Amino acid sequence: MPTSIPLSIQTTYRDLLDRHARRPMPEIEGSVSLVRNGGHDYWVVRRRIGARVKETRVGPDNEETRIRAEQHREENEAVRNWAREAGMFVAQLRAARMPTPTTGTGKLINALARVGFFRAGGVLAGAHAYGLYALELGVRAEDALALTEDVDIAAPPTVRVISESRRSLVSDLEGVGLTPVAGPGEAHPLRWQTEDGVVLDVLTPKRRGGDIAVRHDGLGVWAQALSYLDYSLQNPIDAVVLYREGVPVRIPAPERFAVHKLIVAAIRSGTHRAKTEKDLSQAAWLIEALVEARPFELVEAIENARRRGPKWRRAIDASLTRRADVAEMIDGL
């Protein structure tokens, strides 16, 4: 039986989620300064991004600009106060040994959030999503602390982050220094690596009869197309990664993540079969927690998947045959 997280810790996480929903949004983020250049004074807003400093010019030093500069200063002071408060919640959760990313991983997820990937409908997937379910469901997972360095993100075809000023998702991620990593025989890179050695995998749902590598026009990069992924991306939930003052992300709903794990465990082949037991273990822990916390959502997720066709039903049944304990929990609903 999963061990419950103390109510005080669960409340702290809910408070952190609430703080992020009410984060101040300054027009220009950074510190406001008066500088002299070429004999002229003007106001700027500076923000450090890794080892670089990004400078945004407000305007020449006159009464109108001084009013605007003061407004920017007040807005950014509100952000700093908010960040100190949110950071205290994150520190409490980290002290309670809640799942925490490494510095390099947190930096990458934070950069993805800053360019609007999650606001646009993108989802944090894989091990880092799984680690956040402990906080979402209020129970500890034995392996939730064993987070990998790699980051998986998933995006339906409708997600769009590119614009006239941004060529692609990876072109200007702040302070992470991404370089492409192409596998043997790959015409286009599907993975990217940061200067800290963290690997970013970009995933998208596979269309029937489609290729396993596709150009994602809304992200401006190539992505690995996976069958059944569209199911887990429907109705994602809000979460906060415990890095700095917290990083707001979207993750799959836990009941859909669990059912998706049952499906992919049954269809893995070749070298990927080694991950089957991990898939089943994660599905079992989530289902055990959901049976107690959210049984109606779990039943609906299973029925939704089964209605999608015989291949879906066979995959779910194959995994439940291997894990009779999980099948018994579901039958008892």
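**Figure 1. Close-up of the salt bridge between R19 and D18 in a predicted model.** R19 and D18 form a salt bridge, and their closest N and O atoms are 3.9 Å apart. That distance counts because the cut-off is 4 Å. R19 is buried, at 17% relative accessible area. D18 is partly exposed, at 34%. D18 also forms a salt bridge with R22. Here the closest N and O atoms are 2.8 Å apart. R22 is exposed, with a relative accessibility of 52%. Which residues make up the network of salt bridges? D18, R19, R22 and E85 are linked in it. Side chains of opposite charge can pair when their charged atoms come close. By the rule used here, the model has 23 salt bridges.

**Figure 2. Close-up of the salt bridge between R191 and D201.** The side chains of R191 and D201 meet at 2.6 Å, N to O. Which strands hold the two residues? R191 lies in strand β9, residues 191–193. D201 lies in strand β10, residues 199–205. The pair therefore ties together parts that are 10 residues apart in sequence. Is R191 buried or partly exposed? R191 is partly exposed, at 33% relative accessibility. D201 is buried, with a relative accessible area of 11%.

**Figure 3. Close-up of helix α1, residues 7–21.** Helix α1 has 15 residues. From its first C-alpha to its last, α1 reaches 21 Å. This is close to the 21 Å expected at 1.5 Å a residue. Which residues of α1 are buried? They are I9, T12, Y13, L16, L17, R19 and H20. Seen down the axis of α1, these buried residues fall within an arc of 160 degrees, so they line one face of the helix. An α-helix has 3.6 residues a turn, so residues three or four places apart point the same way. On the other side of α1, L7 and A21 are exposed. What do the buried residues of α1 pack against? Their partners are two helices, α2 (63–95) and α4 (126–137), and two strands, β13 (237–241) and β14 (247–251).

**Figure 4. Close-up of H216 in strand β11.** Strand β11 covers residues 213–216. H216 is buried, with a relative accessible area of 4%. What is H216 in contact with, leaving aside its neighbours within four places in sequence? The residues are A155, P156, P157, V159, T204 and V221.

**Figure 5. Close-up of S33 in strand β2.** Strand β2 covers residues 31–37. S33 is partly exposed, at 22% relative accessible area. Residues up to four places away in sequence are not counted among its contacts here. On that basis, S33 touches Y42, W43 and V44. K311 is 278 residues from S33 along the chain. The C-alpha atoms of S33 and K311 are separated by 62 Å.

**Figure 6. Close-up of N235 and R244, two loop residues with positive phi.** Where is N235 found? N235 sits in the loop between α5 (229–232) and β13. Its phi is near 55 degrees, a positive value in a residue other than glycine. N235 is exposed, at 57% relative accessibility. R244 lies in the loop between β13 and β14. R244 is not a glycine, yet its phi is positive, about 55 degrees. R244 is exposed, at 56% relative accessibility.

**Figure 7. The protein chain behind the close-ups, with 10 helices and 14 strands.** The radius of gyration is 22 Å, close to the 20 Å that the globule rule gives for 333 residues. The chain is therefore as compact as a globular protein of that length. Along its principal axes, the C-alpha trace spans about 80 × 50 × 30 Å. How much of the chain counts as buried? Of the 333 residues, 49% do. Among contacts with a separation of 6 or more, 65% join residues 24 or more positions apart. The chain exposes about 17000 Å². Carbon and sulfur atoms supply 48% of that area.

Technical notes: Residues numbered from 1 in each chain as written. Predicted model: local features only at pLDDT ≥ 70, side-chain atom pairs only at ≥ 80, totals over all residues. Heavy atoms only, no water. Buried < 20%, exposed > 50% of the residue type's maximum accessible area, 1.4 Å probe, protein only. Helix = DSSP H or I, 4+ residues; strand = E, 2+ residues; numbered from the N terminus. Expected span 1.5 Å × (residues − 1). Arc of directions from axis to C-beta. Contact = heavy atoms within 4.5 Å. Rg over C-alpha atoms; globule rule 2.2 N^0.38 Å. Areas by Shrake-Rupley, 256 points an atom, 1.4 Å probe, with all protein chains shown as cover.
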